[in-house]
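Subject: Structure for you to look at

Hello,

Here is the structure I promised to pass on. Please open it first, then read my notes beside it.

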Amino acid sequence: MMTKQEIKSEVEKMIAAPSCCPELKAEGEAYLKAAGTSGERAAAESLIREMKEDVTSIDDLIAFAGSEEGKQVFGADGAAKMTEDAKAAKSHGEKYCICPACAAGGRLLDHEADLLK
């Protein structure tokens with residue numbers, strides 16, 4: 001179970017991450033503004049929908065990092081390192097991409113019910 005303060009902290013980490021896409025950042029900011037108001041649940045539902053679209057699974061990260069597009073984004077050495085790091089994270093039970101935005105978003109998705117309380 002996550003407390004409201006823990007949820008707020010994870011949302012703040014997620015939207016502060018350079019890897020957070022603009023759409024997810026906007027939904028996170030909207031949620032933070034609505035927290036503690038009558039609009040909190042609707043903002044939480046919208047944030048959850050956006051996180052489900054944007055938070056990358058660890059398997060998708062591994063596939064992307066190992067692809068030609070991943071090599072273009074990360075560089076050959078960076079892609080190899082990202083693939084290695086992602087495989088290690090998966091072997092330790094990680095379900096989500098290891099970038100700061102997805103890591104925080106994944107923790108929130110794992111506590112989706114707490115967001116809706």
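A helix here is a DSSP run of at least four residues, and helices are numbered from the N terminus. With that in mind, the elements of the protein run α-α-α-α-α-α-α-α from the N terminus on. The protein has eight helices and zero strands. Please note that this is a predicted model.

Overall picture

The C-alpha trace spans about 50 × 25 × 20 Å along its principal axes. There are 117 residues in the protein, and buried residues make up 36% of them. The accessible surface comes to about 6,600 Å². Carbon and sulfur atoms hold 53% of that surface.

How much of the contact list links residues far along the chain? Take the contacts with a separation of 6 or more. Residues 24 or more positions apart account for 63% of those.

The protein carries 15 positive and 22 negative charges. The mean positions of the two sets are 4 Å apart.

The largest pocket

Next, look for empty space. The largest pocket has a volume of about 230 Å³. It is lined by 17 residues. Which of them are the closest to its centre? They are Ser 19, Thr 56, Cys 97, Cys 99 and Cys 102. Two elements give two or more residues to the lining: α4 (58-65) and α7 (100-110). The largest share comes from α4, with three residues.

Helix α7

Stay with α7 for a moment. Which of its residues are buried? The buried ones are Ala 101, Cys 102, Ala 104, Gly 105, Gly 106, Leu 108 and Leu 109. Cys 102 thus appears twice: it is buried in α7, and it is among the residues closest to the centre of the largest pocket. What do the buried residues of α7 pack against? Their partners are α1 (4-16), α3 (40-54) and α8 (112-115).

One residue in α3

Now find Ala 42 in helix α3. Is Ala 42 buried or exposed? Neither label fits, because its relative accessible area is 48%. Buried means under 20%, and exposed means over 50%. Ala 42 therefore counts as partly exposed.

Finally, pick out Tyr 31. Ala 42 and Tyr 31 are 11 residues apart in sequence. In space they are 8.6 Å apart, C-alpha to C-alpha.

Best wishes

Key: Residues are numbered from 1 along each chain as its sequence is written. This is a predicted model: local features need pLDDT of at least 70, side-chain atom pairs count only at pLDDT 80 or more; totals for chains, interfaces and linings use all residues. Side-chain values use heavy atoms; hydrogens and water are left out. Buried means under 20% relative accessible area, exposed over 50%, partly exposed in between (1.4 Å probe, protein chains only). Contact means heavy atoms within 4.5 Å. Accessible areas come from the Shrake-Rupley method with a 1.4 Å probe; for residues, only the protein chains shown count as cover. Lys and Arg count as positive and Asp and Glu as negative; His and the chain ends are not counted. The place of a charge is taken as NZ of Lys, CZ of Arg, CG of Asp or CD of Glu. On a 1 Å grid over the protein atoms alone, a cavity is a set of points where a 1.4 Å probe fits but cannot get out, and a pocket is an open set with protein on both sides within 12 Å along at least five of seven lines; lining residues have an atom within 4 Å of a point. Grid points are joined across faces, edges and corners, and a volume is the space filled by probe spheres set on the points.
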